[in-house]
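Reader: I've got a model open and want to know what backs up the words people use for it. Can we go through them together?

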Amino acid sequence: MARELGISKNTVQRQIPAGERRSAVDAARQRHQNQPESPEAKELRLEVVRLYRSGMSGAEVASALGITKPMVWSRLPRQLRRSRSDTASLAGRRVAGRLPEEEIIRRYAAGESLTALGLRYGVRSSTIRRRIPKDVIRPRGRVSPTQRRGPRNLPTEEIRERYRKGESAYSLAQAFAVSQTTIRLRIPDDQWRGHSPRKPATPPQPQPKPPRRTPAPGTKLGLSPTQILLRYRAGESATSIALAAGVSCTTIIRLIPVNERRTSEQALRANRPAPELTGDAIRLRRAQGETVREIAAASGLSVKTVRNRQRVDGTTR
């Protein structure tokens with residue numbers, strides 16, 4: 001538009017309301033949509049939509065047409081795209097639709113279990129269950145003579161030999177139509193490559209109680225309660241009293257009456273070194289010729305503390 005009108009791009013942008021301006025991505029997408037579609041591209045797009053609607057996944061469509069999956073998704077409208085769960089369920093129905101139902105029913109009637117049939121055909125036992133007529137299904141808890149507990153007529157030596165050569169328990173279970181546990185029972189413990197058998201759970205043992213961190217009632221204090229109260233009233237902090245008495249600070253606070261306990265701000269004021277050295281006192285001593293370093297050395301404070309007290313009171317010279 002700027003080239004056609006012979007003006008700058010910014011001038012065009014200012015003439016368009018802010019709510020109608022497109023971003024760079026939207027503008028590029030719009031330019032792509034405005035380009036005329038070639039006959040080959042249209043034929044490819046229609047073929048992608050047809051195969052995807054037939055039930056094939058995006059990967060299967062890409063493999064059938066010899067293109068990439070991003071090319072498949074770019075040619076599919078958003079309203080046609082399936083979610084992952086829908087794609088998985090559709091793939092399961094397609095696999096189940098190719099199952100030989102007559103062979104499954106014959107094997108089940110011969111004594112094979114639903115689990116063994118599911119392992120053989122690579123589906124769940126519930127999928128096999130839906131292919132068996134109701135009058136053929138055995139009641140729960142009743143199994144065929146070949147499925148009863150006890151020694152199975154399995155070639156144990158062949159199973160051990162194939163397992164020793166590198167086959168997994170899963171592939172052997174599929175080959176002999178049994179569970180992996182059945183295969184595991186035929187492998188010696190010293191040859192098993194999986195996890196070791198779980199140890200029987202032991203009942204939890206009572207744990208000893210942790211030692212008390214605070215002194216028990218009746219603990220002897222390094223100071224008497226009267227001495228603690230007097231030192232606290234004199235302005236000493238509870239922490240320093242606790243260090244002198246050899247107990248925790250909480251124990252000292254319990255011995256102080258509630259109405260006499262200081263807040264954190266009150267404790268800071270009470271424990272403030274050289275409280276008589278205010279800003280007026282510093283100004284008076286500076287007027288007499290003392291320097292800040294001399295005032296700090298005489299009062300036991302740092303030069304920074306003296307200057308901070310000057311700054312609070314407004315005398316910064």
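Author: Sure, and one term comes up straight away: a nonpolar core is a set of buried Ala, Val, Leu, Ile, Met, Phe, Trp, Tyr and Cys residues joined through side-chain atoms within 4.5 Å. Keep in mind that this is a predicted model.

Reader: What makes L223, I228, L229, Y232, A238, I241, A242, A245, V247, I252 and I256 a nonpolar core?

Author: They are Leu, Ile, Tyr, Ala and Val residues, and buried means under 20% relative accessible area, so this set of 11 residues earns the name. It is the largest nonpolar core here.

Reader: Which helix gives the most to this core?

Author: That's α15, with four residues. Helices α14 (225-233) and α15 (238-245) each supply at least two.

Reader: Which residues make the contact between α8 and α9?

Author: On α8 they are E103, I104, R107 and Y108, and on α9 they are L114, L117, R120 and Y121. The axes of α8 (residues 101-110) and α9 (residues 114-121) come within 10 Å and cross at roughly 145°, and the crossing is right-handed.

Reader: Why are five residues of that contact counted as nonpolar and three as charged?

Author: Leu, Ile and Tyr count as nonpolar while Glu and Arg count as charged, so the contact divides into five nonpolar, no polar and three charged.

Reader: How do you know where confidence is highest and lowest?

Author: By mean pLDDT: helix α11 (residues 156-164) is highest at 89, and helix α17 (residues 264-270) is lowest at 65. Over residues 144-151 the pLDDT is below 50. The chain averages 78, and 82% of the residues score at least 70.

Definitions and conventions: Residues numbered from 1 in each chain as written. Predicted model: local features only at pLDDT ≥ 70, side-chain atom pairs only at ≥ 80, totals over all residues. Heavy atoms only, no water. pLDDT = per-residue confidence, 0-100. Contact = heavy atoms within 4.5 Å. Axes fitted to C-alpha atoms, helices over the stretch in contact; angles between N-to-C directions. Left-handed = near helix turned anticlockwise from the far one by under 90°. Buried < 20%, exposed > 50% of the residue type's maximum accessible area, 1.4 Å probe, protein only.
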